[in-house]
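User: I should like to go through this structure in a series of questions. Please reason briefly in each reply and finish on the value or name requested.

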Amino acid sequence: MTTEQLSVQNDAPKSPRALARARKRQSLARFWREYRTHRGGLWGLAGLVVIALIAVFAPTLVGDDSQSVTDAPGGALESPSGEFPLGTDQFGRSVLALLVWGARVSLTVGLLAAFLCVAIGTVVGIVAGHFPGWYSTVLMRVTDWFLVMPTLVLAIALATVMDRSIWTVILAIGVTTWPTTARLVRAQTLAVESRPYIERARALGGSHGHIMTRHVLPNVMPLVLAQTTLAISGAILTEATLAFLGLGDPTITSWGGMLQDAREAGAVSAGDWWYLAPPGIAIAVVALSFTLCGRAIESVLNPKLGVAR
């Protein structure tokens, strides 16, 4: 193929799908360039990558039998040593192995509960912002009711009356933490609805579903993305609180459940710090990592915030 043929081929008009893909790649590349300038966001992302890899490869790192009570390799509440770097629990299991397995549950609950929370809040916020009148009034009054009620109290009530499982915890967190997202999305929806191209879409016969999904939703997604990262850290903390209160699934290992087991074993009064400190530090590190990522994403998507880099 000659140089002229290559030039003609490159100058040929591209299809709409190809142009859309090219714009998405450019947007992602621009987003990553801006994100890399935030040192806190990079530290948070690095921490999340490490914790996610540990959670994914937990069976390979510590073995499937490390949670067994009957086959525990050590004695009860042994202090840290070469064989058990973080000591053992009251059953003789390695605290390090339990910490690795707990990362799976905590991240799973945090991600799924935050997804449920943001999904409900986004739908309610867009509908309330798009439809004026009594639709918006009813949805906002329901949102206000959930907003003024203590989130933890509602989650405890749901977790108490339902079966004790990980899905109950996810549902309890998701259906009680969405009002903040709904209010933010509604405010952004009202701002988008006032723009001229929305009026043109209505004048051309665009339906409510078309306007909400094709015009409003893409414009509120940056806000939703930033809110998701912040909601994950809150969901992890709430899951740890519910597990610490004994409302989690007793058959699985989570960081909050480890704190509950340590309290029941008398680790606080006995001074067995190696049983208490690791899960607490892990919860704090994950929550901080998601918060740093969320602040960096929010700063990239909305530079007017002026978040420190």
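**Charge, fold and contacts**

Analyst: In this predicted model, the protein carries 24 positive and 19 negative charges, and the mean positions of the two sets are 20 Å apart.

User: How many helices and how many strands does the secondary structure of the protein comprise?

Analyst: Read along the sequence, the pattern is α-α-α-α-α-α-α-α-α-α-α-α-α-α. The C-alpha trace spans about 75 × 65 × 35 Å along its principal axes. The secondary structure comes to 14 helices and 0 strands.

User: Of the contacts in the protein with a separation of 6 or more, what percentage comes from residues 24 or more positions apart?

Analyst: The protein has 309 residues, of which 39% count as buried. Its exposed area is about 16800 Å², with carbon and sulfur atoms supplying 65% of that area. Among contacts with a separation of 6 or more, the share from residues 24 or more positions apart is 71%.

User: Is Leu-48 buried or exposed?

Analyst: Leu-48 lies in helix H3, which covers residues 39-56. Leaving aside residues up to four places away in sequence, Leu-48 touches Val-286, Ser-289, Phe-290 and Cys-293. Because its relative accessibility is 15% and the limit for burial is under 20%, Leu-48 counts as buried.

User: What distance separates the C-alpha atoms of Leu-48 and Ser-289?

Analyst: Ser-289 is one of the residues that Leu-48 touches. The two residues are 241 residues apart along the chain. Their C-alpha atoms are nonetheless separated by 6.3 Å.

User: Which helix supplies the largest share of the nonpolar patch?

Analyst: The patch on the surface includes Trp-32, Leu-42, Leu-45, Val-49 and Leu-61, and its members together have about 850 Å² of accessible area. Leu-42 lies in helix H3, and its relative accessibility of 31% makes it partly exposed. The largest share of the patch, 7 residues, comes from H3.

User: Which residues form the positive surface patch?

Analyst: One of its members is Arg-25, found in helix H2, residues 16-35. With a relative accessible area of 53%, Arg-25 is exposed. The positive surface patch is formed by Arg-17, Arg-21, Lys-24 and Arg-25.

User: Why is helix H12 described as largely enclosed, and how many of its 10 residues are buried?

Analyst: The buried residues of H12 are Trp-255, Gly-256, Gly-257, Met-258, Leu-259, Gln-260 and Ala-262. Their cover includes H3, helix H5 (95-130), helix H11 (208-244), helix H13 (267-270) and helix H14 (273-301). Helix H12 (residues 255-264) is largely enclosed by the rest of the structure because the number of its 10 residues that are buried is 7.

User: What is the phi of Gly-266?

Analyst: Gly-266 follows H12. Its phi is positive, with a value near 75 degrees.

User: How many salt bridges does a search of the whole structure find?

Analyst: Side chains of opposite charge can pair when their charged atoms come close. One such pair is Asp-89 with Arg-93, whose closest N and O atoms are 2.8 Å apart. Asp-89 is buried at 0% relative accessibility, and Arg-93 is also buried, at 8%. The number of salt bridges found in the whole structure is 4.

User: How many residues apart in sequence are the parts that Asp-144 and Arg-183 tie together?

Analyst: Asp-144 forms a salt bridge with Arg-183, the closest N and O atoms being 2.5 Å apart. Asp-144 lies in helix H6 (residues 134-148) and Arg-183 in helix H9 (residues 179-193), so the pair ties together parts whose separation in sequence is 39 residues.

User: Which residues are linked with Asp-144 in a network of salt bridges?

Analyst: Arg-183, already named as a partner of Asp-144, is partly exposed at 33% relative accessible area. The residues linked with Asp-144 in the network are Arg-141 and Arg-183.

User: How far apart are the closest N and O atoms of Glu-193 and Arg-202?

Analyst: Glu-193 is buried, with a relative accessible area of 10%. Arg-202, by contrast, is partly exposed at 37%. Glu-193 forms a salt bridge with Arg-202, and the distance between their closest N and O atoms is 2.4 Å.

Definitions and conventions:
Residues are numbered from 1 along each chain as its sequence is written. This is a predicted model: local features need pLDDT of at least 70, side-chain atom pairs count only at pLDDT 80 or more; totals for chains, interfaces and linings use all residues. Side-chain values use heavy atoms; hydrogens and water are left out. Helices (H or I, at least four residues) and strands (E, at least two) are DSSP runs, numbered from the N terminus. Buried means under 20% relative accessible area, exposed over 50%, partly exposed in between (1.4 Å probe, protein chains only). Contact means heavy atoms within 4.5 Å. Patches are made of residues with over 30% relative accessible area and no salt bridge: like charges are joined within 9 Å, nonpolar side chains (Val, Leu, Ile, Met, Phe, Trp, Tyr) within 5 Å. Accessible areas come from the Shrake-Rupley method with a 1.4 Å probe; for residues, only the protein chains shown count as cover. A salt bridge is a side-chain nitrogen of Lys or Arg within 4 Å of a carboxyl oxygen of Asp or Glu. Lys and Arg count as positive and Asp and Glu as negative; His and the chain ends are not counted. The place of a charge is taken as NZ of Lys, CZ of Arg, CG of Asp or CD of Glu.
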